[in-house]
Amino acid sequence: MSEEAPQEQEDDEDLQYFVRIGQTDLDGTKTVERSLSELNGVGRRTARLIADEADVDRTATFGRLDDDIIDEVVETVENYAEEVPDWLNNRQSDFYTGETTHEIGNDLQLTRQHDINRMKMIDSYKGTRHKRGQKVRGQRTKSTGRTEGTIGVNVEEIREEQAEEAAAEEDEGE
């Protein structure tokens, strides 16, 4: 047993706890596939494709990989849009440029926010729903998505008020 403990400490020295891709720190203690899927714009399928493209075992611990291999994974993530068909990208035919790209990290959030602001400015149907804070994609709103206080009748509260009124009338009567 004593031989195993020093070996684990040596393994921990080789481990990178954080791997930086773009502007995001990924957990180096997890597998390659799971760590990549934490990145915005990269799901499980995309992470698997990136690992296959970079010739990396997707079940390997991400922080234990060599720096050269990590750099290759980072490069594969950045060039993902050129490697896959257009239907796998998350930004097809951009409104302004017409290009098909794959946005990751903060870029994805920024482009999504720009799209919502553009819809609000041109007063499209979806834009007005965003302005009002209502549901945008055709969900039911009759019974769900209510943001005001309590819904329905609170019977206990009414009974308490009636009891207080009755007690106040008895005090006045005496």
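Begin with the surface that the two domains share: in this predicted model, domain 1 and domain 2 bury about 1,200 Å² between them. Of that buried area, 55% lies on carbon and sulfur atoms.

To display the two partners, select residues 18-87 of the protein chain and give them one colour; the domain assignment calls this stretch domain 1. Then select residues 88-132, assigned as domain 2, and give them another colour. The C-alpha centres of the two domains are 25 Å apart.

Next, turn to the residues that meet across the boundary. Domain 1 contributes 16 residues to the contact, and domain 2 contributes 13.

Which residues of domain 1 lose the most area to domain 2? Select Asn40, Asp86 and Trp87, and show their side chains: these three together account for 37% of what the domain 1 side buries.

Now consider the polar side of the contact. Between the domains there are 8 residue pairs in polar contact, with both residues of each pair at pLDDT 80 or more. The count of salt bridges between domain 1 and domain 2, by contrast, is 0.

Continue with the helices of domain 1. Select helix H3 (44-53) and then helix H5 (80-83); each supplies at least two residues of the side that touches domain 2. Helix H3 provides the largest share of that side, 3 residues.

Finally, colour the side of domain 1 that touches domain 2 by residue class. How many of its residues are nonpolar, polar and charged? There are 9 nonpolar, 5 polar and 2 charged residues on this side.

Terms used:
Residues numbered from 1 in each chain as written. Predicted model: local features only at pLDDT ≥ 70, side-chain atom pairs only at ≥ 80, totals over all residues. Heavy atoms only, no water. Domains from an automatic or database assignment. Contact = heavy atoms within 4.5 Å. Buried area = accessible area lost by both parts, 1.4 Å probe. Salt bridge = Lys/Arg side-chain N within 4 Å of Asp/Glu carboxyl O. Polar contact = N/O pair within 3.5 Å; in protein donor to acceptor, adjacent residues only side chain to side chain. Helix = DSSP H or I, 4+ residues; strand = E, 2+ residues; numbered from the N terminus. Nonpolar A, V, L, I, M, F, W, Y, C, P; charged D, E, K, R; others polar.
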